[in-house]
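Here's a set of short exercises to work through with a structure open beside you. Try each task on your own before reading its solution.

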Amino acid sequence: MHSLSSSIERLDKSRIMMELNYMLSYGAAESSICLLRRYNLLKILLPFHAAYLDQQAGKITAENPMMLMRLFFNLDKLVSCDRPADYTLWVGLLSFHQALVSDPQDAFVVWVFASVLYHGKWKEGVKFARDRAKEPVKFVPEISGFSEIESDEQLAVKVTELALSVQDCVNDLTKASSGYVFVSKKIERNVQQIFDVLVNSIESYNSGKRSHIIDYDMLGKGNLVETRFVLGKIILKTISGGLVAGEEEIDEEEMPEVLDKDSVENYLAKKNRKRGLQPSSAELKLKTAKKCKWTEKFSSINHELSMNKEDVVPKEEVEEIHKAVKNCQLPDKELKVRTTEKHKWIENSCHFDQELSINEELVQKEGSQQLGEETQKAAKTCQSPEEEIKVNPEKILEKKDRHSLSTEGTNKKRDKQKRADDKKKNGLLLSSLFKEK
């Protein structure tokens with residue numbers, strides 16, 4: 001890998017950009033940076049940041065972590081394979097970090113810079129920074145110290161200077177001196193637009209965003225407002241090491257018993273608020289439909305089982321059915337068909353055994369009393385759970401008489417047929433010659 005690392009320079013820059021975007025926008029940015037450095041690819045693609053990592057490698061401690069890796073660590077916590085970011089986000093992070101390394105900034109300036117991007121308003125951003133920026137930020141060489149600037153005018157000038165420095169670093173990524181150039185001019189303009197609001201009329205800036213929840217659809221499309229919001233959030237998490245506005249801990253409610261649309265929406269919103277997730281309307285409708293569907297199925301099956309408590313289905317099978325329903329292993333339709341078929345099979349078997357036993361006893365046994373007792377005993381083996389089968393001895397005797405007459409008639413027909421066959425074989429009998437005509 002090390003010997004062939006230079007071969008990537010022969011690839012088209014759009015292909016390189018696509019591969020880097022897959023590595024850095026889908027929740028694996030930190031580990032991807034480590035792998036690129038291990039295989040000597042980071043020096044070719046991002047030589048400035050590769051040199052920074054080499055320089056900081058022997059200085060990493062719990063009190064002095066690497067800011068670049070912390071930035072990408074917090075990026076990975078917000079994006080994933082099904083909710084990726086646009087390339088402008090990670091290019092903006094690289095440019096922001098390069099600007100701090102090239103010209104270290106006061107911690108309070110960085111706080112305000114990130115807070116304004118996150119809140120979308122100058123006054124709210126400054127107020128948040130003044131309330132939260134109390135502890136020192138321990139990143140070397142990016143942070144030069146901490147001094148709370150009292151004048152908002154002076155603070156605006158400092159933040160604007162930092163934004164201009166970040167835009168210059170974006171421009172550096174398009175130059176050959178920065179290594180293999182894979183950032184196009186179009187990408188440069190898109191990333192620089194993120195920081196334009198901190199350069200032009202910063203004190204009147206208002207993004208119009210009203211919530212602290214990430215809209216992943218807009219983030220994946222590279223929406224500027226959403227990208228600024230997430231970029232500010234990542235920087236604030238990195239320098240504060242804790243929660244930011246809108247992420248206060250909440251007690252998650254249990255799943256509502258009644259799964260209507262409003263209760264499910266409230267539950268999902270509160271559940272996802274902690275990690276800043278906002279389900280799309282299509283996803284929310286799908287989740288609501290699935291939950292309501294399975295609730296209806298389980299309720300109907302539960303009701304059916306309760307109405308047939310005294311059925312022939314054993315208790316063990318009922319428990320298995322309950323377990324299968326809870327694990328979503330047995331569809332409702334199949335469950336009903338199987339249960340109905342089992343009931344019919346058991347009922348038919350009982351009737352068949354009853355008929356068979358009655359016919360055998362009628363032919364083989366004599367005595368109506370004994371026959372009635374045996375028939376009743378056979379019927380008890382197939383009695384239903386609700387009522388026993390009652391056998392009438394008189395009806396059984398009638399069946400016996402009909403059966404005897406039927407047998408006698410059958411024997412007469414058989415004898416008559418035999419005589420007719422003998423006539424054909426031996427010719428006319430002698431006695432037939434003396435019959436009167």
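The exercises below go from the whole chain down to single residues, and the model they use is a predicted one.

**Exercise 1: The overall picture**

Find how many helices and strands the protein has, and what share of its residues is buried.

Solution. Start with the secondary structure: there are 18 helices and two strands. Next, look at burial: of the 437 residues in the protein, 37% are buried. Finally, check how far along the chain the contacts reach. Among contacts with a separation of 6 or more, 69% are between residues 24 or more positions apart.

**Exercise 2: The core**

Work out which helix gives the most to the largest nonpolar core.

Solution. First, some background: nonpolar side chains in soluble globular proteins tend to be buried together. Here the largest nonpolar core has 86 residues. The members that touch the most others are Leu45, Leu75, Trp90, Phe96, Val112, Phe113 and Phe182. Now for the helix: α7, residues 107–119, gives the most to this core, with eleven residues.

Then zoom in on phenylalanine 113. Setting aside neighbours within four places in sequence, phenylalanine 113 is in contact with Phe96, Val159, Leu162, Ala163, Val166, Phe195, Leu198 and Ile235.

**Exercise 3: Two helices that meet**

Decide how α8 and α9 are oriented to each other: roughly parallel or roughly perpendicular?

Solution. Begin with the geometry: α8 and α9 (residues 152–172) pack at about 100 degrees, and their axes are 12 Å apart. An angle from 65 to 115 degrees counts as roughly perpendicular, so α8 and α9 are roughly perpendicular to each other.

Who does the touching? On the α8 side you'll find Trp122, Val126 and Arg130, which meet Asp152, Leu155 and Ala156 of α9. Sorted by class, this contact has four nonpolar, no polar and two charged residues.

**Exercise 4: Arginine 130**

Say whether arginine 130 is buried or exposed, and find which side chain it makes a polar contact with.

Solution. Place the residue first: arginine 130 sits in helix α8. Its relative accessibility is 19%, and the cut-off for buried is under 20%, so arginine 130 counts as buried. For the polar contact, look to aspartate 152, whose side chain is joined to that of arginine 130 at 2.9 Å. Beyond four places in sequence, arginine 130 also touches other residues, including Phe108, Glu148, Ile149 and Leu155.

**Exercise 5: A loop with a cis bond and a buried glutamate**

In the loop between α8 and β2, find which peptide bond is cis and which side chains make polar contacts with glutamate 142.

Solution. Take the bond first. Most peptide bonds are trans. The one from valine 140 to proline 141, though, is cis, with omega near 10 degrees. Proline 141 belongs to the loop between α8 and β2.

Glutamate 142 lies in that loop too, between α8 (122–132) and β2 (143–145). Its relative accessibility is 0%, so glutamate 142 counts as buried. One polar contact, of 2.7 Å, links its side chain to that of tyrosine 52. Another, of 2.9 Å, links the glutamate 142 side chain to that of histidine 97. Among the further residues in contact with glutamate 142 are Met67, Leu100 and Pro104.

**Exercise 6: Positive phi**

Compare asparagine 40 and serine 201: what is the phi of each, and where does each one sit?

Solution. Keep in mind that most residues other than glycine have a negative phi. Asparagine 40 has a positive phi of about 65 degrees, and its place is the loop between α2 (29–38) and α3 (42–45). At 26% relative accessibility, asparagine 40 is partly exposed.

Serine 201 has a positive phi too, of about 55 degrees. You'll find serine 201 in the loop between α10 (185–192) and α11 (216–220). With a relative accessible area of 55%, serine 201 is exposed.

**Exercise 7: The end of a helix**

Find which backbone oxygen lies 2.5 Å from the side chain of serine 240.

Solution. Locate serine 240 in helix α12, residues 224–240. At 31% relative accessibility, serine 240 counts as partly exposed. The oxygen you want belongs to leucine 236, and it lies 2.5 Å from a polar atom of the serine 240 side chain. Last, compare sequence with space: serine 240 and lysine 134 are 106 residues apart in sequence, while their C-alpha atoms are 9.6 Å apart.

Technical notes:
Residues numbered from 1 in each chain as written. Predicted model: local features only at pLDDT ≥ 70, side-chain atom pairs only at ≥ 80, totals over all residues. Heavy atoms only, no water. Helix = DSSP H or I, 4+ residues; strand = E, 2+ residues; numbered from the N terminus. Buried < 20%, exposed > 50% of the residue type's maximum accessible area, 1.4 Å probe, protein only. Polar contact = N/O pair within 3.5 Å; in protein donor to acceptor, adjacent residues only side chain to side chain. Contact = heavy atoms within 4.5 Å. Axes fitted to C-alpha atoms, helices over the stretch in contact; angles between N-to-C directions. Parallel < 35°, antiparallel > 145°, perpendicular 65-115°, else oblique. Nonpolar A, V, L, I, M, F, W, Y, C, P; charged D, E, K, R; others polar. Core = buried A, V, L, I, M, F, W, Y, C linked by side-chain atoms within 4.5 Å.
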